[in-house]
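Thanks for passing this one along. Here are a few notes to read with the viewer open.

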Amino acid sequence: MLKKIIINSIPILLILIVGIFLYFYKLEKIPNGFYIDEALPSYNAYSLLLTGKDEFGKTWPLVLRFYGSYNPFLYTYLTIFPIKFLGLTIFAARSVSALSGLLAVLVFYGILRSIGLIKSRIVIFISTFLMLISPWLILHSRVGYEVSLAFLFLLLGVWFLWLSIKNQPIFFILGILFFDISTYAAYAERFIAPLILISFLIVFRKKILSKNFRKYLIWGILIGFFFEMPNVWLITTPAFFPKGDLFSSDILIAQTEKILLLPKIIKIILAFLREFFSQYFLYFSPNSLFYKADHDLQRSIPEISVLYSWMIVPYLFGLYDLWKKRKKNISKYIFLLLLISPIPASLTKDPFSSHRALPLLLPIMLVVAFGVDFIVKKRKNLSIVVLFLLCFISLVFLYRSYFVLLPSLRAKDWQFGFEQLATIVNSNQNEKFVFDQSRNKPGYINIAFFLKYSPQKLQNLSPSTLTDHYFTGEKFDIQYTIKNIEFRPIVWEKDIYKNQILVGDELTFSESQVKEHFLTKSFEIRDPINQIIFLGYKTNPTKKCYSEKTKNILCSESSK
Amino acid sequence: MNIIWLVLGVIGNLWIWFVFKNNFLLGIVLLISSLLVIKNQKSNKFSLFLIILFLIIVFWQINLTKTKPLLKLTEIERANQITRLNSYPPYLARFGHILEERKEFLILYRLNENFFEIMNLNLYFFANHPIERGAIKEFEKFAYISLPFFLLGLPKHLRNKKTLILILIIPLIIFTMIGSNISIGPISFFPFIASSIYFGLEQIKNKKLSYLLIIVWFLVLLQLFSYA
């Protein structure tokens, strides 16, 4: 008995060992840099840990305002634990996400075991391994934000709903519960989870409305509604829907205006249908899945797509096999997940948004699993050898793209440079720095993170009325001074008359400006491929004032 | 054969008219070969006439294609290659050389690029929107409303494997090797897609739905004509 348990556990142990390496090795260094979307939840977790309030002074908020994105709370709150034990470090910031990604793989294994139609253990092992090494999951697990955490809970919800149909209706309640939790983890799940649930109820209505299922349905709905009450309240505020500008309204208007002859309402409908379906089918196109997915450099890995190129073969075989078995419940469920998952992401204007569409990874990998099973059934021994070889080759290419190329080629896209800037600022406490924020993403939170700036002090910098109007989406100009660095646009007419170091990127300073204002280069921060990230120029008010024919009023102030 | 579905599937798209505009004879060849694929679907026999027509289409496309050499890199590709090589730490320099400079891998990357350029749903149904290629003038091919019918009609091709090899596999292999940079689009795949759309449309039996579909199809074509 014990021997059997050990033998059965070997595949999953192997996956765990490889997984721990893939998901945690050099987690603080790769990706190279620390993106604003990582700095925000981790610094706010630090603030909550020390003061019970977020960076704006709001006590344990339901959603975190951040930079106007109003992120659900779960990831930030869970990040408190690693920060408490590991300190405010990049590793701690990313560890909850990394662990979630790894656990999601184990849940996927459980889903595969429970499907029933895939009986071969070797197929289940290979399919789970492919999920583990999928670039899509690795990229969004080794980060300091919430996407893989939400994915984990969504997977659990999907799994328990399936078990309720297959085995025990009581699992329906657990399924609803995990769907509820996922809506507090990430924004996209607020839309995907209800869509999946409603579709599930429609497709499997005969089973769900049967006598022995009914009471679990009622309890599930009651429990689900109870746990969604905070979200229901949030719908009444602007904080529920802060990402309205992501929708492609400007593209729709442009397309509507081009259409000839037809009434306006028909034009709008047609323009919307084309725009939506062009985004939607992109998520199923082999070109996107296996060659070039997300065009956003921060959300992709160099020279590799979200899945490996060769996986197009099991993908197509899997689709064919599932279509043949379309009358079976599992096929209906997988098709339902496939069709629903990309809907919210398709409503935005970003082509193939890999983080918003992460839920799609589950049905795609289930399709691939069916494809692998189909191939193995045709030619067992040969196909197993080939599949193992392909897994090994995929690992080689993953290593190349993720562990070698990503840290150097995409450092700039991951906001590399703030750690180095924080070191310079900290080592020059007598100097005053001005960080140009006219074009760049806000940098105050990254600096606050690396300087381990006091949360109480940061809270005092935001308007005092903000906590009363926290959920209204009220905008304010974040121009902070953290220790000796100020975050605001450079005002050239004034700043050159003060003794300070101006910090910006290579477009902030032109040669003529440097000459004209007698600026001296104080430092430069470059990324691993030698691209300039930040430049620091020291002003020279004395020389500037001396050079001016007519005396500037600011000169007398600077001389004081 | 249902005439209305035939009209919608084979000539109810902008691509065939774009080809007619550029080369009338080529348009006729595409039209006839699509009709032959549909006609041959039920029998497992190889139509010699179809083979000849199809070879004409493939050779025509080869002739018009700006071939991408498998080993030659453009200046930008060479610069990117150097940047990638410099990313490898010294102890992985050999590994980097193998993956970034060896002929076998360069060929593999090029084949990969060419293959997936063809395997792009958005290229055929949305003029590559929303991922339009910068240096290429995209144009509308099939109406997006035909995409679900294309997917529905695909399994029917599997009944006649010989024709499938001719109209899909052979051009896929050829144009994976040489690329599909051609101003009138990868025309060799036209018969395959048009016939799949027809097979998908054939599955509609409801008359009311058919009339509605025809009206919507016409509206969509008008929309796409406006964008062209």
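The points below cover the contact between the chains, the nonpolar core and one helix.

1. Please keep in mind that this is a predicted model. Everything below is computed from its atoms.

2. A good place to begin is where the two chains meet: 29 residues of chain A are in contact with 27 residues of chain B. On the chain A side, α14 (264-282), α15 (286-290) and α20 (380-409) each supply at least two of the touching residues. The most comes from α14(A), which gives eight residues.

3. What is that side of chain A made of, by class? It has 19 nonpolar, seven polar and three charged residues.

4. Turning to the interior, the largest nonpolar core has 204 residues, and A:F108, A:L155, A:M365 and A:I447 touch the most other members. If you would like one to look at, try A:I447: leaving aside residues up to four places away in sequence, A:I447 touches A:F418, A:L421, A:A422, A:V425, A:I482 and A:I485.

5. Helix α8 of chain A (residues 171-183) is worth a closer look. Its 13 residues should span 18 Å at 1.5 Å a residue, because the expected span counts one less than the number of residues. The end C-alpha atoms are 19 Å apart, which agrees.

6. Is α8(A) mostly covered or mostly uncovered? Mostly covered, with 10 of its 13 residues buried. Among the buried ones are A:F172, A:L174, A:I176, A:F178 and A:F179, along with A:D180. The buried residues of α8(A) pack against α7 (147-166), α9 (189-203), α11 (211-227) and α12 (229-235) of chain A.

Key
Residues are numbered from 1 along each chain as its sequence is written. Chains are lettered from A and ligands numbered from 1 in the order in which they are written. This is a predicted model: local features need pLDDT of at least 70, side-chain atom pairs count only at pLDDT 80 or more; totals for chains, interfaces and linings use all residues. Two residues are in contact if their C-beta atoms, placed from the backbone, lie within 7 Å. Helices (H or I, at least four residues) and strands (E, at least two) are DSSP runs, numbered from the N terminus. Ala, Val, Leu, Ile, Met, Phe, Trp, Tyr, Cys and Pro count as nonpolar, Asp, Glu, Lys and Arg as charged, and the others, Gly among them, as polar. A nonpolar core is a set of buried Ala, Val, Leu, Ile, Met, Phe, Trp, Tyr and Cys residues joined through C-beta atoms within 7 Å. A residue is buried if 20 or more other C-beta atoms lie within 10 Å of its own, exposed if 12 or fewer, and partly exposed in between; C-beta atoms are placed from the backbone.
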